[in-house]
Amino acid sequence: MLRELHLHPDRLLPTESGIRDLARELYRSVADLPIVSPHGHTDPSWFATNAAFGNATELLLVPDHYLFRMLYSQGVRLADLGIGGSEADPRAAWRILAENYHLFRGTPSRLWLDWVFAEAFGIDVRLDGETADHYYDTITDMLATEAFRPRALFDRYNIEAIATTESPLDTLDHHRAIAASDWGGRVLTAYRPDPVVDPEFQGFAQNLARFSQVSGKDCDTWAGYLAAHRAMREIFKDAGATSTDHGHPTAATANLSATEAETLFDRVKGGDANAADAELFRAQMLTEMAAMSLDDGLVMQIHPGSFRNHNARLFESFGRDKGADIPTRTDYVHALKPLLDRFGTESDLSIILFTLDESAYARELAPLAGHYPCLKLGPAWWFHDSPEGMRRFRRMTTETAGFYNTVGFNDDTRAFLSIPARHDVARRIDCGFLAELVAEHRIEDWEAADLARELACDLARKAYRL
Amino acid sequence: MLRELHLHPDRLLPTESGIRDLARELYRSVADLPIVSPHGHTDPSWFATNAAFGNATELLLVPDHYLFRMLYSQGVRLADLGIGGSEADPRAAWRILAENYHLFRGTPSRLWLDWVFAEAFGIDVRLDGETADHYYDTITDMLATEAFRPRALFDRYNIEAIATTESPLDTLDHHRAIAASDWGGRVLTAYRPDPVVDPEFQGFAQNLARFSQVSGKDCDTWAGYLAAHRAMREIFKDAGATSTDHGHPTAATANLSATEAETLFDRVKGGDANAADAELFRAQMLTEMAAMSLDDGLVMQIHPGSFRNHNARLFESFGRDKGADIPTRTDYVHALKPLLDRFGTESDLSIILFTLDESAYARELAPLAGHYPCLKLGPAWWFHDSPEGMRRFRRMTTETAGFYNTVGFNDDTRAFLSIPARHDVARRIDCGFLAELVAEHRIEDWEAADLARELACDLARKAYRL
Amino acid sequence: MLRELHLHPDRLLPTESGIRDLARELYRSVADLPIVSPHGHTDPSWFATNAAFGNATELLLVPDHYLFRMLYSQGVRLADLGIGGSEADPRAAWRILAENYHLFRGTPSRLWLDWVFAEAFGIDVRLDGETADHYYDTITDMLATEAFRPRALFDRYNIEAIATTESPLDTLDHHRAIAASDWGGRVLTAYRPDPVVDPEFQGFAQNLARFSQVSGKDCDTWAGYLAAHRAMREIFKDAGATSTDHGHPTAATANLSATEAETLFDRVKGGDANAADAELFRAQMLTEMAAMSLDDGLVMQIHPGSFRNHNARLFESFGRDKGADIPTRTDYVHALKPLLDRFGTESDLSIILFTLDESAYARELAPLAGHYPCLKLGPAWWFHDSPEGMRRFRRMTTETAGFYNTVGFNDDTRAFLSIPARHDVARRIDCGFLAELVAEHRIEDWEAADLARELACDLARKAYRL
């Protein structure tokens, strides 16, 4: 039996009729605003080469850890999905997704995918075992057309700017190719130095060697290493970067003397740092990055608190980023103090904080951002980038930090086709939240209209200096 | 002034009329489904002997720690309630409950008890000082009738299966008597080895001696001790068990070598283990239990995070389980890693995780269960087995773990008469949650209907291999 | 363009029409009840001298850390607001607030201030850059009138009793002057001994010297120090105090032997205690205070978990209490055990617990208060004294602790003019919560009516022994 796929125009809006009317009006006023995507993980080669995407599985399933982690949790073998370079028939892999699509009931993946199916591909029946082949063929066929080339989608999606994320070891060739092309899409990079900042990163010593090469600075000394960062940040800025990004296990910062920092660098540079030294070095580097940001104006993002590659056996067989990253309890109040003791009062510095630990929203993050001039709150992140997660974010941060210490939405995704769906979810949830504030007479309707626009675009532009 | 007792048919359903209609329809479709009770603490002797229950106080007040902890918190003396073997006039004790029944406003105990009063006993006035004797007499009289014998209630309550919880030192005579009887009720046991696994359990050394006797294995050696577990698990399986249960202070697991484990066992077996050894031994035993589960197919349940008998003076006077167990912050991400490093990718293993620390729902538990094939999430537990607690559970776990990594409802109670009330609360709350998802167009109505049935019975049957 | 300022009569009530009607009716029944303010920080000199307040900025902006922390977070310099004794033109400072008033959208400050503007001063246009001068002049002019003298406001606000908070080093002259006056307002003190209990308090050693003087006991010995507390508590009781208050970094308590305590006191009394000794001394003093409370009947309040003066540079320039206090994760279960082991079963002792860590509500605080006779829960505090914060408090504590282990509302403020607004917010939110319980048929309407009155006044009177 075929089930109709239809995206209800009022989806995710508050259900009470009075508030829904209000929310719908707010939503309509922002639904078609351009997409500002200041942080994410799309592949710049897409926009540089503008090559067609492959088949449905390759584009939508294989790169999406939300999808294969859920399938895996229910006993599906990753090898059968073609994950981690494993050989699998893409049509058969797609069928596995289709037959298990009920697993995603109530999840954001379901919302994002249904949008892609209905809006991007115009499919009007639901995905299940019966429609698996229809989906696979329809999507794969359309991906071969001009309209589904990356640049065409970028334009059709009304993307004002999108940031990718590169390591300092990246040559930024794709960004240069985009800039040199006759296409006008704005694709920025962001400086993500984890491979040369985290002594526990795979191949850290070799990464430093390569860092010396690409930067032209001798990273065998602390001074040279810092100079290499300064040099590469300039190169990234030239390629459009307005921000840096730091994905550390904790939010720890440090404020060592130059001598202590130098000694520490000498201990860790060989790549065999112990855990305490590695943590201290990462901590010190956040403070060093803040110092550099004060000079060059790049906005800092801190994405802490993920226990990466928690599943040891899976990591051995399939490698990094296979849906096995698990959030941990994260302290900010003590962790950030060394950095804040040094730079906390600088209003030219801008640090955007993220969390996977929602218990920190009302307790730590909103009070910190509602005080320190240099701190802002990034949106609900990763597992919390979801309707309920966004609602909790607004409910737990707004009363203490206000709206203006937040920075709008980040899609933070490599799932390019779903980017409009993700921004759409955020706009709907924010408009719903604003409508509730109006309905409770906590703000006026004209204030909600202002805020809807600011949350949709303006705050992101401003916070990321776009 | 007598106040009418009336259970509103729409209680606990969403209050907005559109959603309430939807929720009511879903609820009607599951309200009369059989009760599957895969984890709880009813007394198997009830069903073995089928003897009449005693008076109202003895049945409803004395065994219910939710009730007497609240009365105690407001200055009532436990001795006046007949708790802990103290002598108290049961009618006078009942009167104390009645006169203080307002303390339970807004609590789940109130919901459960009112159901028992109205539905089980047909009482139509509210409990207060004025109606105390009427209640006491009505209930006590009815308990003497055939219709209120345990087996009659079991049948009337439409219980498909119920699990009790026994220590390996239990002889399971009652379960054998039930099986040998001509009554068809399905009463299972579950293997709860805390008394012989936790070196800090009262009488641990004597428990081990007794464990040797009942198992026929020499528990003076590590090998013999493990063999005793294997033997007793088989005996429990023969008596119907499909699961084990582990009530540890933390979720810590360990993955020691056989030699290390043996040495540790030698250190703790005498009963005078230090705190670190005790914790490590419990941790190692969770991993050993998982190994055995892989062999014999028993589903593991981990119920961590309760600080037992927190009130030292009360413990001295009245003993264990007197309403003084207090939840503590509980880590899962690091705690479970040793076990998961060894068995995490086994899809034949099934471990059901519970928590008293709701901050772990969205941060740790849903991400873990949404990835590891062997992990599932037990329902909102103990203090969180309540309307608001269940709503938080669904709101904080569904978007990351989905519904299918959860296991339906557990009543987890020794309060036999309230079992239907507890399942009824869960069904109402789940149907309300599903109706909200439909009203927000996050799932379709036919999906909600599927899920309502699955949450009410199917997931429990499947997860507990019933 | 002038925007109308109008306080909607239904503000903060549930938005669904059926529930709103119910909530409105409950609210009406308590809206005009007297204000019982058992904990706060108003200045007793106001009521002793009854001098006119100064200008708008001096009264409403400079003392309100909620306001200037938010302005500061957005780059406003505290010196431009006249904070910390800095010279600033009050009219210009007011203009900064006015032009940035949009920052407070969605915050409780906005609700409190709008009430003060509309209800206390009768202003009917919204605050913004355009109306800044109108506001400044109107407010400043009215403050010069008799109707805005402290005692007149106290009477007009229908304050039944208000507690201020004083250090044992305070002479209580203002309280004595109030008592000796012909004015009938009830202004109590509360005993807040942090300056002589916390070895890390600025000037601790000098404080002890002064403590000897004011108490007439020799605080150079442990016995004398305890006697000084006993003596000063009596003096505070004579001046109306019914409670003590303890603002410690953590909730740690200790239960040292007399000898250990004495030795510890000798180590810390010089003012150069190490961190561990300081923490242990504070911990022991909570237990000593409980012992004294058992004797003299003063109710204890514990306000733990704030990391004071987190912003080091700001502290150097502007001093304490400048909006830089940040909540931290707070444990209660282990922290309170030493005290509870000694006094937990005393039903004559009353300890009111507060938290800045909402993750403790359902996990620790409600279970503790729902068991121990001596424990009650204070209302949502500080950053959580807000509509969403109060809702979370009720939703996360009621099911386990009930309503009767809570103590009504505290305004906890020095912002005297906003006190009615704060109580009004609490009454609206509580009535809304009760209306929801009625609408879900979890309590009856007559029970909600009882509870609304109890939450508004009765529980506070009872818990604080007023």
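**A guided reading of the predicted model**

Chain A has 20 helices and nine strands; helices (H or I, at least four residues) and strands (E, at least two) are DSSP runs numbered from the N terminus. The structure is a predicted model, in which local features need pLDDT of at least 70, side-chain atom pairs count only at pLDDT 80 or more, and totals for chains, interfaces and linings use all residues. Residues are numbered from 1 along each chain as its sequence is written, while chains are lettered from A and ligands numbered from 1 in the order in which they are written.

The overall form of chain A may be taken next. Its C-alpha trace spans about 70 × 60 × 45 Å along the principal axes. A compact globule of 466 residues would have a radius of gyration near 23 Å, and the 22 Å of chain A agrees with this; the radius is taken over C-alpha atoms, and the globule rule is 2.2 Å times the number of residues to the power 0.38. Of the 466 residues in chain A, 58% are buried. A residue is buried if 20 or more other C-beta atoms lie within 10 Å of its own, exposed if 12 or fewer, and partly exposed in between, with C-beta atoms placed from the backbone. Two residues are in contact if their C-beta atoms, placed from the backbone, lie within 7 Å. Among contacts in chain A between residues at least 6 apart in sequence, 77% join residues at least 24 apart.

Chain A is divided into domain 1 (52-146) and domain 2 (149-463), with bounds that come from an automatic or database domain assignment. The centres of the two domains, taken over C-alpha atoms, are separated by 29 Å. At their junction, 19 residues of domain 1 of chain A are in contact with 18 residues of domain 2 of chain A. On the domain 1 side, the elements that give two or more residues are α3 (56-61), α4 (65-73) and α6 (108-120) of chain A, and α6(A) gives the most, with six residues. The residues of this side divide into 14 nonpolar, two polar and three charged. Here Ala, Val, Leu, Ile, Met, Phe, Trp, Tyr, Cys and Pro count as nonpolar, Asp, Glu, Lys and Arg as charged, and the others, Gly among them, as polar.

Ile96(A) offers a local view. This residue is found in helix α5 (residues 90-99) of chain A, and it counts as buried because it has 20 C-beta neighbours inside 10 Å. Leaving aside neighbours within four places in sequence, Ile96(A) is in contact with Leu71(A), Val76(A), Asp80(A) and Leu81(A).

In chain C, strand β4 (residues 243-246) is covered on both faces: Ser243(C) and Asp245(C) on one side, and Thr244(C) and His246(C) on the other, are all buried. β4(C) pairs with strand β5 (residues 299-302) of chain C in the parallel sense over four bridges; pairing requires that DSSP find at least two bridges between two strands. Within β5(C), Met300(C) is the bridge partner of Thr244(C).

The relation between copies completes the picture. A turn of 120° and a shift of 0.0 Å along the axis lay chain B on chain C with an RMSD of 0.0 Å, the superposition being by least squares on the C-alpha atoms of residues with pLDDT of at least 70 in both. The two copies are therefore related as by a three-fold rotation axis. In chain B, the C-alpha nearest the axis belongs to Ser359(B), 3.7 Å from it.
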